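Thank you all for coming. I would like to walk you through one structure this morning, and I will take it slowly for anyone who has not met it before.

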Amino acid sequence: MKKLHIVTIAALAALNSAGAYAHGDESHPMKAHVFDASKVEERAFGREGDPKKVTRTIKVDMSDTMRFTPDLVTIKRGETVKFIATNNGAVMHEMVLGTVEELKEHAEMMRKFPNMEHADANMAHVKPGAKGDIVWQFTKAGEYQFACLMPAHFEAGMVGKVVVK
């Protein structure tokens, strides 16, 4: 079992150094996400939205007080929303959409591998003073979350809720 744990850590470290994720910072800027309808996958909380079919834009501010404003958003099922996440702070922040379980799991990975890189359609990794966007189609009713998964931000309460009716 101990050997398997060591092998797993080594494999994750190799993936991290190979840039298998796309998190980015000043020295490794996040790659711009480009919509490709052939690669859209249905997730528990919807799917990547077509930027040409956005029906609503929601501005979300992120701050160093570890809060989102607004921290509650209500959306109609089927709606394609463009979130514009603005980092008003002095440190890196991100907005990641997901289920509670997915976000907790991802936050744990970020604690273990804080420099991992990723550029999925459900996230915007935003430098201080900058903006990022997420275009998402909410295909299923329910309650979901958005969070900043930078180490310690999630734990400090940087979480918001999306209610899809």
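I will begin with how the model was treated, then turn to strands, salt bridges and aromatic rings, and end with one loop residue.

What you see is a predicted model, in which local features need pLDDT of at least 70 and side-chain atom pairs count only at pLDDT 80 or more, while totals for chains, interfaces and linings use all residues. Residues are numbered from 1 along each chain as its sequence is written, and side-chain values use heavy atoms, with hydrogens and water left out.

Let me start with strand 9, where helices (H or I, at least four residues) and strands (E, at least two) are DSSP runs, numbered from the N terminus. Strand 9 covers residues 142–147 and runs antiparallel to strand 6, residues 93–98, with three bridges joining them; two strands are said to pair if DSSP finds at least two bridges between them. Strand 9 also pairs with strand 10, residues 159–164, again in the antiparallel sense, and here there are six bridges. Which residues stand across from Ala-147 in these two pairings? In strand 6 to strand 9, Val-96 is the residue opposite Ala-147, and in strand 10 the bridge partner of Ala-147 is Val-159.

Staying in strand 9, we come to Gln-145, which is buried at a relative accessible area of 18%. Buried here means under 20% relative accessible area, exposed means over 50%, and partly exposed is in between, with a 1.4 Å probe and protein chains only. If we leave aside the neighbours within four places in sequence, Gln-145 is in contact with several residues, including Val-96, Leu-97, Leu-103, Val-159 and Lys-161, where contact means heavy atoms within 4.5 Å.

Now to the charged pairs. How many salt bridges does a search of the whole structure find? The search finds four, taking a salt bridge as a side-chain nitrogen of Lys or Arg within 4 Å of a carboxyl oxygen of Asp or Glu.

One of them lies between strand 9 and strand 10, where the side chains of Lys-161 and Glu-143 meet at 3.4 Å, N to O. Lys-161 belongs to strand 10 and Glu-143 to strand 9, and the two are 18 residues apart. Glu-143 is exposed, at 52% relative accessible area, whereas Lys-161 is partly exposed at 35%.

Another salt bridge brings together Glu-102 and Arg-43, at 3.7 Å from N to O. This pair links distant parts of the chain, 59 residues apart, with Glu-102 in helix 2 (residues 100–112) and Arg-43 in the loop between helix 1 (2–17) and strand 1 (47–48). Glu-102 is partly exposed, with a relative accessible area of 30%, and Arg-43 is partly exposed at 27%.

A further one joins Glu-79 to Arg-56 at 3.5 Å, N to O. Glu-79 sits in the loop between strand 4 (72–75) and strand 5 (80–87), while Arg-56 is in strand 2 (residues 56–63), 23 residues away in the chain. Is Glu-79 buried or exposed? At 14% relative accessibility, Glu-79 counts as buried, whereas Arg-56, at 30%, is partly exposed.

Turning to the aromatic residues, the search of the whole structure finds four aromatic pairs. Rings of Phe, Tyr and Trp (its six-membered ring) pair if their centres lie within 6.5 Å, and planes under 30 degrees apart count as stacked, over 60 as edge-to-face and the rest as tilted.

Among these pairs, Phe-45 and Trp-136 have ring centres 4.9 Å apart and planes at 15 degrees, so the pair is stacked. Phe-45 is in the loop between helix 1 and strand 1, and Trp-136 is in strand 8 (residues 131–137), 91 residues apart. Phe-45 is buried at 0%, and Trp-136 is buried at 2%.

Another pair is Phe-68 with Phe-146, whose ring centres are 5.0 Å apart and whose planes stand at 80 degrees, so this pair is edge-to-face. Because Phe-68 lies in strand 3 (residues 67–69) and Phe-146 in strand 9, the pair ties together parts that are 78 residues apart in sequence. Phe-68 and Phe-146 are both buried. Finally for the rings, Phe-45, Trp-136 and Tyr-144 form one aromatic cluster.

I will close with Lys-53, found in the loop between strand 1 and strand 2 and exposed, with a relative accessible area of 56%. Lys-53 and Gln-137 are 84 residues apart in sequence, and their C-alpha atoms are 9.3 Å apart in space.
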